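Colleague: Before I rely on any of the labels in your description, I would like to hear the reasoning behind them. Could you take me through them one at a time?

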Amino acid sequence: WQDTFPILDEQGRPRGMITAENLRIAALEQDQLPWMLAADVMQAPVTVRAEADLRAAAQLMLAHELRELLVTDEGGRVTGFLDEADVSRAYLEATAQGDRSQPLPL
């Protein structure tokens, strides 16, 4: 179910992340590269705080072409994941109620 895998530093904060797509590409190249490090396929972490609204989170997903974001606390530690299904579910629930005047919370 997971699409994004965080690489954490000693304090538990994301130093980078590897997406399932990165892993698929690495698997296809394993004949040419018999071994590789996480640093070879990781990218900069893309995070969102739990207090952010879903519009901002969806914009981050689109801007970085990600299906899932890392959710972090005030100390920068990963507390969970937010994926596009979560965003879609919240949007459908909010629009079913008919009140579009408030931002959608995470």
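Modeller: What follows is a discussion of the labels applied to this predicted model.

Colleague: What makes β1 and β2 a pair of strands?

Modeller: Pairing asks for at least two bridges between the strands, and β1 (residues 4-8) and β2 (residues 14-19) are joined by five bridges in the antiparallel sense, so the two strands count as paired. One of the bridges links I7 to its partner G16 in β2. The two strands form a hairpin with five residues between them, and in the turn G12 has a positive phi of about 85°.

Colleague: Why is β2 called mostly covered?

Modeller: Five of the six residues of β2 are buried, where buried stands for a relative accessible area under 20%.

Colleague: How do you know that the buried residues of α1 line one face of the helix?

Modeller: In α1 (residues 20-28) the buried residues are A20, N22 and A26. Seen down the helix axis, these buried residues fall within an arc of 155°, and therefore they line one face of α1. As for what they meet there, the buried residues of α1 pack against β1, β2 and α2 (38-41).

Colleague: Why is D73 called buried, and where does D73 lie?

Modeller: D73 lies in the loop between β4 (68-72) and β5 (78-83). Its relative accessibility is 18%, and the limit for buried is under 20%, so D73 counts as buried.

Colleague: What makes the approach of D73 to G75 a polar contact?

Modeller: A polar atom of the D73 side chain lies 2.9 Å from the backbone nitrogen of G75, and the cut-off for such a pair of N or O atoms is within 3.5 Å, so the distance satisfies the limit. Leaving aside residues up to four places away in sequence, D73 also touches R49 and T79.

Colleague: Why is the approach of R49 to E51 called a salt bridge?

Modeller: The N to O distance between the side chains of R49 and E51 is 3.3 Å, and the rule asks for a side-chain nitrogen of Lys or Arg within 4 Å of a carboxyl oxygen of Asp or Glu, so this contact qualifies. R49 is partly exposed at 34% relative accessibility, whereas E51, with a relative accessible area of 59%, is exposed, because the label exposed asks for over 50%.

Colleague: How do you know that R13 and D9 meet the rule as well?

Modeller: The closest N and O atoms of R13 and D9 are 3.7 Å apart, and the limit is within 4 Å, so this is a salt bridge too. R13, at 32% relative accessible area, is partly exposed, and D9, at 22%, is likewise partly exposed. By this rule the count comes to six salt bridges.

Colleague: What makes D86 and R89 neighbours along helix α4?

Modeller: D86 and R89 are three residues apart in α4 (residues 84-97), which means that about one helical turn separates them. An α-helix has 3.6 residues a turn, so residues three or four places apart point the same way. The salt bridge between D86 and R89 has its closest N and O atoms 3.1 Å apart. D86 is partly exposed, with a relative accessible area of 26%, and R89 is partly exposed at 44%.

How values were computed
Residues numbered from 1 in each chain as written. Predicted model: local features only at pLDDT ≥ 70, side-chain atom pairs only at ≥ 80, totals over all residues. Heavy atoms only, no water. Helix = DSSP H or I, 4+ residues; strand = E, 2+ residues; numbered from the N terminus. Buried < 20%, exposed > 50% of the residue type's maximum accessible area, 1.4 Å probe, protein only. Arc of directions from axis to C-beta. Contact = heavy atoms within 4.5 Å. Polar contact = N/O pair within 3.5 Å; in protein donor to acceptor, adjacent residues only side chain to side chain.
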